[in-house]
Amino acid sequence: MDFIKQAFNVKHEFWRYLVGSLIIAIFAIVGQFPFAIAAMFKYVANGGSINDMDEQALMSVLEPNLNLFLLLLSFAFGFIGLIIAVKYLHGQTIQSVTTARKKTDWKRVLFAFLFWGIITSGMILVDYFISPESYVWNFELNRFLILVLVAVLLIPIQTSLEEYIFRGYLMQGFGMLAKNRWFPLLMTSVIFGGMHVFNPEVGKLGYGVMVYYIGTGLFLGILTLMDDGMELALGFHAANNLFGALLVSADWTVLQTHSVLKDVSEPGQGFGDIFIPVFVVFPILLIIFAKVYKWTNWKEKLFGTIEAPVTENYKVLD
């Protein structure tokens with residue numbers, strides 16, 4: 001069974017995906033209220049003026065673990081919106097947005113999670129030993145343990161929601177609209193990258209870093225289309241954010257955490273920081289995943305047309 005073609009089984013007019021995206025956004029915005037209220041009260045209690053309040057001030061006023069918890073809480077609310085949109089707007093199951101398999105392959109999720117978690121942790125440690133002057137030891141046991149609890153509970157929700165929206169829900173939606181595969185792959189990647197444009201990393205590094213964000217979206221989209229499911233993308237994305245949050249943070253990143261290390265170097269926008277992951281690391285990872293899971297027929301999987309299948313397994317709904 002084909003991952004995108006599963007949407008033929010449900011109500012798939014494109015306006016439903018637009019309305020569904022709006023529902024998800026509304027729930028996510030409501031989920032931001034606890035953070036906004038807590039940050040504003042804390043800011044005023046510290047002597048700040050509401051007239052002088054800005055986003056940067058609100059992001060830094062709360063204790064980092066509380067800040068992280070409240071920021072990630074909005075993704076849990078967004079997940080509720082996703083479930084409502086999928087179930088009631090499309091008459092679809094979350095399972096069919098996740099994979100074309102009869103059930104989610106958790107071994108795939110775990111493999112991608114451990115594989116990339118080990119690699120990304122190794123790269124951080126190697127860089128620490130090569131350039132120790134770029135880092136300061138930031139480890140505080142009690143605060144770190146709280147961080148682990150918050151991160152393990154909520155970061156997978158954050159990364160999974162992003163995957164369900166871009167590599168699942170909208171991948172199928174744009175596939176139904178364009179009736180091909182390259183358009184949903186490209187569109188979801190560009191939108192995914194665009195969602196990061198307001199991150200402080202972009203302000204610090206410049207718009208060139210968008211190559212990395214869009215490239216990451218393309219990589220995760222290729223994983224999903226070639227594997228006919230989001231399992232590998234779910235595991236990879238969770239490992240990328242979770243291990244990063246636990247091991248290293250910096251004053252200019254979107255998530256401030258009580259990580260083991262803090263990067264105090266001046267960030268660059270060189271070839272190694274942006275282009276090597278996109279044009280070297282990701283292609284190598286795709287080759288490895290292709291070998292492990294025996295992917296074939298790349299041209300059809302990534303650029304083929306999408307036609308309503310004429311089989312008893314599908315009941316096309318308009």
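Helices here are DSSP runs of H or I with at least four residues, strands are E runs of at least two, and both are numbered from the N terminus. That convention in hand, open the model, which is a predicted one, and start with a loop.

**Stop 1: the loop between α12 and α13**

Select Asn297, which lies in the loop between α12 and α13. Its phi is near 60°, a positive value for a residue that isn't glycine. Buried or exposed, or something in between, for Asn297? At 47% relative accessibility, Asn297 is partly exposed, because that class runs from 20% to 50%.

Now click on Lys294, in the loop between α12 and α13 (298–303). Here phi is near 55°, again positive in a non-glycine residue. Lys294 has a relative accessible area of 67%, so it goes down as exposed.

**Stop 2: the largest nonpolar core**

Next, go inside. In general, nonpolar side chains tend to be buried together in soluble globular proteins. The largest nonpolar core in this model has 48 residues, and the ones to select are Leu82, Tyr169, Phe219, Leu223, Phe289 and Trp295, since these touch the most other members. Colour the helices that feed this core with at least two residues each: α1 (14–31), α4 (64–89), α6 (106–130), α7 (141–178), α8 (182–194), α10 (210–227), α11 (231–247) and α12 (271–293). Which helix gives the most? That's α7, with 9 residues.

Zoom in on Leu223. Ignoring neighbours within four places in sequence, Leu223 is in contact with Gly229, Leu232, Ala233, Leu286, Phe289 and Trp295. Apart from the core you've just coloured there is another one, of 15 residues; Leu72, Tyr135, Phe144 and Ile155 are among them.

**Stop 3: two residues inside helices, and one further along**

Select Glu163, in helix α7. How much of Glu163 is accessible? The relative accessible area is 0%, so Glu163 is buried. Show what surrounds it: leaving out residues up to four places away in sequence, Glu163 touches Gly168, Leu220, Met230, Ala233, Leu234 and His237.

Then jump to Tyr213 in helix α10. Tyr213 is buried too, at 10% relative accessible area. With the same sequence neighbours left out, its contacts are Phe192, Gly193, His196, Asn199, Glu201 and Val202. If you like using the distance tool, try Tyr213 to Lys103: the two are 110 residues apart along the chain, and their C-alpha atoms are separated by 30 Å.

For a contrast in exposure class, pick Ala76, which sits in helix α4. Ala76 has a relative accessible area of 23%, so it counts as partly exposed. From Ala76 to Arg167 you cover 91 residues of chain, with 18 Å between the C-alpha atoms.

**Stop 4: helix pairs**

A packed pair of helices is described by the angle between their axes and the distance between those axes. Show α7 and α8: their axes come within 8 Å and cross at roughly 140°. That makes α7 oblique to α8, and the crossing is right-handed. To light up the interface, select Glu162, Phe166, Arg167, Leu170, Met171, Phe174, Gly175, Leu177 and Ala178 on α7, then Phe183, Pro184, Leu185, Met187, Thr188, Ile191 and Phe192 on α8.

Now swap to α6 and α11. These two pack at about 35° with axes 7 Å apart, and this crossing is right-handed as well. On the α6 side the contact includes Arg108, Val109, Phe113, Trp116 and Ile124, while on α11 it includes Glu231, Leu232, Phe236, Phe243 and Leu247.

**Stop 5: the sheet**

Last, hide the helices except α6. What order do the strands take? The 3 strands form an open sheet, β1-β3-β2, with mixed pairing. β1 (135–137) and β2 (248–249) are at the edges with a single partner strand each, so one side of each has no neighbour in the sheet. Select β2 and β3 (residues 261–263): they run parallel and are joined by 2 bridges. Within that pair, Val248 stands opposite Leu261 of β3. Finally, look at α6, which packs on the sheet and touches β1, β2 and β3, its direction making about 100° with that of β1.

Terms used
Residues numbered from 1 in each chain as written. Predicted model: local features only at pLDDT ≥ 70, side-chain atom pairs only at ≥ 80, totals over all residues. Heavy atoms only, no water. Core = buried A, V, L, I, M, F, W, Y, C linked by side-chain atoms within 4.5 Å. Buried < 20%, exposed > 50% of the residue type's maximum accessible area, 1.4 Å probe, protein only. Contact = heavy atoms within 4.5 Å. Pairing = 2+ DSSP bridges. Axes fitted to C-alpha atoms, helices over the stretch in contact; angles between N-to-C directions. Parallel < 35°, antiparallel > 145°, perpendicular 65-115°, else oblique. Left-handed = near helix turned anticlockwise from the far one by under 90°.
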